[in-house]
Amino acid sequence: MISQAYIAAAAGNIISFVTGTSLSWSSPILPKLNVTDVDDIPFGRQITAEENSWIGSLLSLGAVFGPFIYGYLADKIGRKFTLMSIGIPFLVAYLMLAFSEIVELYYVARIIIGVAIGGVFTVIPMYTGEIAEDSNRGALGSVMNVLLTFGLLFSYSVGAYAPMVAYNVILAVVPGAFMVLFFFVAPETPHYLVAKGDLDAASQCLRKLRGSDKIDDELDDIKTQIEQSKEGSITDLFKSKGLIKALIITLALVGFQQLSGINAVLFYAQIIFNASGGGIPSEVSSIIIGAVLFGTSFVTPLFVDKLGRKILFYFSAVGMIISEIPLGLYFYLKDDGSNVDDISWLPVVSLIVYIITYNCAFGPLPWAVMSELFPSNVKSTASSITSAFCWFISFLITKFFSQIVDGIGMGPSFWMFAGFCVLAFFFTLFVVIETKGKSFEEIQEILGS
């Protein structure tokens, strides 16, 4: 029988599916806004290169602010109702994208979507971390990546061929359905209920999640955690070396996640494949990337609680290094005028290897680790800071990726990303702690809190 915790995590992560479609939305849509037949463009003209970069990057800028809004709401109205509320901006923004006829409304919609995405990456790890047990915390935390990558695949597959209006209307329907389903299927987290003093509701919630009446020890542990960490504020994050180390770990992990180049690949996949000049149509290449992302998203839930976090991070960093170096070499040779017809397959193969290894750890695990390292009194604050930092780095990369490519070339750009993966490997080796199967108290002891 499937655990209620898995059902709740899956229902909650429908919003992660919407997030995935949003992250890759620009890849199939931007080429449509650049076609020569302006009758097919809602603005009646091609967009400029500057407008292209803003449409691609404003999502990340909006996501910088979302964590603080939804992190605050998570503490005030609860994890469940905060997650439900995130569906509203998604719904509104996609209706705007469906029917807008001026580019400025596209800007506004992308910012609104970004704010919602910032909320997803803040509250989903918090929610799944608080309904999970020590034995399945890594797997539940990785469900987010499964649904997110399914959204990426959906966007690459449907967005490339569906009319823009119909596609955006479809994307508006999903968050509406999510809000209804999540209301009926998912409970509030026991941590939040204990923090609010509703012990009876917390007990009922735990019984429902565990499918058992033997919840007294776990409830006592939660009460102890809450009692030891009341009335937290941002200053509490810096009151112990352990929490400072936890914050450094989470900020670095999400920073390396972005600096590996993932959002440059997701946002501009078709543009990258067009630049490669390979024989495979860019739309098909993007679908292949989306399929690999989704297919490999099941790896982490299966192995993270068996092998541990660090070994997967090692594998992920090394894999990204050995995929981005030859990818950079291909573009360097092509831009240098060399004949690359015999290796036209290399960009697709390199990106497939990159996606597989990224998706094994640096994609999903920074968020799962974040949910494990902080006590309840500072968890929402730490999540907000981490998510905001992540999306600020993402904004810089997506906004200036084209300028970086123009300045140093596509090849050196991927070598730069590979260099950050080298740093990620050594940071994991010397700084990141292993949290596999450890209780919250054990994790805090390792950190030195």
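Colleague: Is E51 buried or exposed?
Modeller: The model is a predicted one, in which local features need pLDDT of at least 70 and side-chain atom pairs count only at pLDDT 80 or more, whereas totals for chains, interfaces and linings use all residues. Residues are numbered from 1 along each chain as its sequence is written, and side-chain values use heavy atoms, with hydrogens and water left out. Buried means under 20% relative accessible area, exposed over 50% and partly exposed in between, with a 1.4 Å probe and protein chains only. E51 has a relative accessible area of 12%, so E51 is buried.

Colleague: Which residue forms a salt bridge with E51?
Modeller: A salt bridge is a side-chain nitrogen of Lys or Arg within 4 Å of a carboxyl oxygen of Asp or Glu. The closest N and O atoms of the pair are 2.7 Å apart, and the partner of E51 is partly exposed, with a relative accessible area of 32%. That partner is R45.

Colleague: How far apart are the closest N and O atoms of D213 and R207?
Modeller: D213 is exposed, with a relative accessible area of 59%, while R207 is partly exposed at 34%. The two residues form a salt bridge, and the closest N and O atoms are separated by 3.6 Å.

Colleague: How many residues apart along the chain are R309 and E372?
Modeller: The side chains of R309 and E372 meet in a salt bridge, 2.5 Å from N to O. This pair links distant parts of the chain, with R309 in helix α17 (residues 309-335) and E372 in helix α19 (residues 365-373), where helices are DSSP runs of H or I, at least four residues, numbered from the N terminus. Both R309 and E372 are buried, and their separation in residues is 63.

Colleague: Which residues does T357 touch, not counting residues up to four places away in sequence?
Modeller: T357 is found in helix α18, residues 346-360, and is buried, with a relative accessible area of 5%. Contact means heavy atoms within 4.5 Å. With that cut-off, T357 touches F315, S316, G319 and M320.

Colleague: How many Å separate the backbone nitrogen of M320 from a polar atom of the side chain of T357?
Modeller: A polar contact is a pair of N or O atoms within 3.5 Å; within protein, one must be able to donate a hydrogen and the other to accept it, and residues adjacent in sequence count only if both atoms are side-chain atoms. The side chain of T357 also has a polar atom 3.2 Å from the backbone oxygen of Y354. For the backbone nitrogen of M320, the distance is 3.4 Å.

How values were computed: Helix = DSSP H or I, 4+ residues; strand = E, 2+ residues; numbered from the N terminus.
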